[in-house]
Amino acid sequence: MLYGILSLCWIPLAGFISFLIILSAINKSIGVRKAYVSLLLRIFEYGRNSIESEKTVEDQDPHVELVNGLDTKETTTGSVLINRDAVLLPQAQELTHEKSNVLKKEEINFDFENCLDYVKAGIEAIIEDDVTSRFQAEELKNWNMLTRTNRHYEFISWKITLIWVLGFAVRYSILMPLRVLVCFIGVVWLTACTAAVGNLKDGDKKRAIVNKVLGQCFGVLSSAISAVITYHNEDNRPSSTGICVANHTSPIDVLVLMCDTTYSLIGQRHGGFLGVLQRALARASPHIWFERGEAKDRHLVAERLKQHVSDPSNPPILIFPEGTCINNTSVMQFKKGSFEVGGVIYPVAIKYDPRFGDAFWNSSKYSMMQYLYMMMTSWAIVCDVWYLPPMYRQDGESAIDFANRVKGVIAKQGGLVDLVWDGQLKRMKPKKEWKEIQQIEFANRLKSD
């Protein structure tokens with residue numbers, strides 16, 4: 001009896017899942033995901049009103065507060081950043097030998113008050129700096145019914161507790177199993193399709209088939225995270241060989257962009273789940289994969305890039321110049337390598353909505369499988385993609401200046417903070433040259449006084 005009931009339930013469920021997968025593969029929508037997101041927004045708004053009605057006046061955070069005598073303000077991302085004068089910032093130019101010797105013969109008069117700006121900057125950095133907060137999950141202004149976020153109100157009232165329990169049951173007992181199944185189907189489909197088209201003869205016909213097949217495969221994979229992607233300014237979409245650069249939040253960035261058009265990818269060879277995807281993609285279209293030792297050879301990387309860009313039959317190559325994942329609140333220093341190659345640069349800004357799920361991958365804290373688990377147990381992944389007009393390096397413009405100009409355009413369009421810091425500070429200490437430049441600047445201030 002029970003077996004018969006389960007069999008009857010399985011048939012419509014399998015048919016519904018197959019229907020959704022087919023819609024994703026042909027890039028069609030009946031509005032289910034958007035309706036789901038709209039429902040979540042109404043639930044979040046109800047939860048916010050309920051929480052605010054339950055909270056006491058003492059528990060409410062003031063919009064502007066005083067921290068150890070330092071002015072602070074609440075930003076649009078929900079985090080509290082100190083209003084500070086930029087004192088200790090890395091400089092674009094390199095420290096020269098002449099700069100280090102210019103002060104040796106100068107008389108310096110020291111006054112204690114001259115160092116107070118640096119003391120203030122140091123205290124501010126201890127409380128909260130502009131760099132390390134970019135490698136942590138974005139702070140939310142309102143709770144999104146996920147206990148993994150910075151807000152924990154699941155037991156503030158019985159109504160909120162009931163909504164949270166129901167949401168937990170839906171995410172872990174319904175959404176996650178379905179998403180895992182769809183992800184497995186998507187990876188198998190991607191592997192099979194790329195193996196098939198990889199045997200075709202090179203030419204325009206193969207490229208057209210590859211574009212169609214990869215769009216279908218990544219459309220199915222996007223269903224595994226309930227992705228709702230809105231593309232803007234599609235007239236600026238990269239359509240020919242060149243370099244497409246974008247801000248980097250997670251490996252999902254590739255999926256988000258590949259759902260709309262085909263790119264070649266560049267990066268280090270990986271094992272595990274990422275390795276499966278890399279090998280599958282390499283069968284169908286040209287990509288640049290490096291071994292760990294080769295990736296550190298800048299000349300080799302630049303040469304491979306030039307070869308790729310010089311071939312008009314190749315698709316645009318997708319590069320994330322930050323070199324690491326940032327939490328989607330800012331854009332950090334762009335490496336100059338991809339801006340030295342020449343040719344056209346296609347800037348793309350990606351902005352995720354953290355209310356439905358945090359797309360940021362903190363690779364120092366979570367493995368790839370842990371990250372995928374978190375994505376599949378989130379509400380959804382909602383993001384906007386802006387294609388910006390193509391940009392070219394101007395006469396007399398250095399690669400660093402060009403990279404900063406492109407970075408500024410991306411930051412402005414995505415509503416992100418434009419930072420000069422190197423994202424590799426996530427894994428390394430500040431360069432010695434930066435400290436020496438600030439020491440010389442401080443000595444110059446003493447001399448002028």
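Ser378 is buried, with a relative accessible area of 1%. In this predicted model, Ser378 is placed in the loop that connects helix 10 (368-376) with strand 11 (381-387). The side chain of Ser378 reaches back to the backbone oxygen of Met374, at 2.7 Å. A loop position and a buried position are thus found together in Ser378.

The setting of this residue is a protein chain with twelve helices and twelve strands. Of its 449 residues, 43% count as buried. The protein chain exposes about 24400 Å², and carbon and sulfur atoms supply 58% of that area. Contacts between residues at least 6 apart in sequence were also examined, and 76% of them join residues at least 24 apart.

Strand 11, which follows the loop of Ser378, belongs to an open sheet of seven strands. The order of the strands in this sheet is 4-11-10-5-8-6-7, and the pairing is mixed. Strand 4 (227-232) and strand 7 (288-290) stand at the edges. Each of these two edge strands has a single partner strand, so one side of each is left without a neighbour in the sheet. From one strand to the next, the twist averages 25°.

At one edge, strand 4 runs parallel to strand 11, and six bridges join the two. Within this pair, Thr230 has Asp384 of strand 11 as its bridge partner. Strand 4 is preceded by a loop that comes from helix 6, and Ser226 lies in this loop. Ser226 has a positive phi of about 50°, although it is not a glycine. The cut-off for a buried residue is a relative accessible area under 20%; Ser226, at 13% relative accessibility, therefore counts as buried.

Helix 6 itself spans residues 204-223 and has 20 residues. The distance from its first C-alpha to its last is 29 Å, close to the 28 Å expected at 1.5 Å a residue. The buried residues of helix 6 include Lys206, Val210, Val213 and Leu214. Also among them are Gly215, Cys217, Phe218, Gly219, Val220, Leu221, Ser222 and Ser223. In an α-helix there are 3.6 residues a turn, so residues three or four places apart point the same way. Val210 and Val213, and likewise Leu214 and Cys217, are pairs of buried residues in this helix.

Further into the order of the sheet, strand 5 (residues 243-246) is placed between strand 10 and strand 8. Strand 5 and strand 10 pair in the parallel sense over four bridges. Strand 5 is also parallel to strand 8, and three bridges join these two strands. Val245 takes part in both pairings: its bridge partner in strand 10 is Pro347, and its bridge partner in strand 8 is Ile319. Side chains in a regular strand alternate between the two faces of the sheet. In strand 5, Ile243 and Val245 lie on one side and Cys244 and Ala246 on the other. These four residues are all buried, and both faces of the strand are covered.

Ile243 also provides a reference point for a residue distant in sequence. Gly342 is 99 residues away from Ile243 along the chain, and the C-alpha atoms of the two are separated by 9.1 Å. Gly342 lies in the loop between strand 9 and strand 10 (345-352). In contrast to the buried Ile243, Gly342 is partly exposed, with a relative accessible area of 35%.

The remaining part of the sheet concerns strands 8, 6 and 7. Strand 6 (residues 264-268) pairs with strand 8 in the parallel sense over two bridges. In this pair, Leu265 stands opposite Leu318 of strand 8. Strand 6 also runs parallel to strand 7, and three bridges join them. There, Gly267 has Trp289 of strand 7 as its bridge partner. Strand 7 is one of the edge strands described above.

Strand 8 (317-319) is followed by a loop that leads to strand 9 (330-331), and Asn328 lies in this loop. Asn328 has a positive phi of about 70° although it is not a glycine. At 3% relative accessibility, Asn328 counts as buried. Ser226, in the loop between helix 6 and strand 4, likewise has a positive phi and is buried.

How values were computed:
Residues numbered from 1 in each chain as written. Predicted model: local features only at pLDDT ≥ 70, side-chain atom pairs only at ≥ 80, totals over all residues. Heavy atoms only, no water. Buried < 20%, exposed > 50% of the residue type's maximum accessible area, 1.4 Å probe, protein only. Contact = heavy atoms within 4.5 Å. Areas by Shrake-Rupley, 256 points an atom, 1.4 Å probe, with all protein chains shown as cover. Expected span 1.5 Å × (residues − 1). Polar contact = N/O pair within 3.5 Å; in protein donor to acceptor, adjacent residues only side chain to side chain. Pairing = 2+ DSSP bridges. Axes fitted to C-alpha atoms, helices over the stretch in contact; angles between N-to-C directions.
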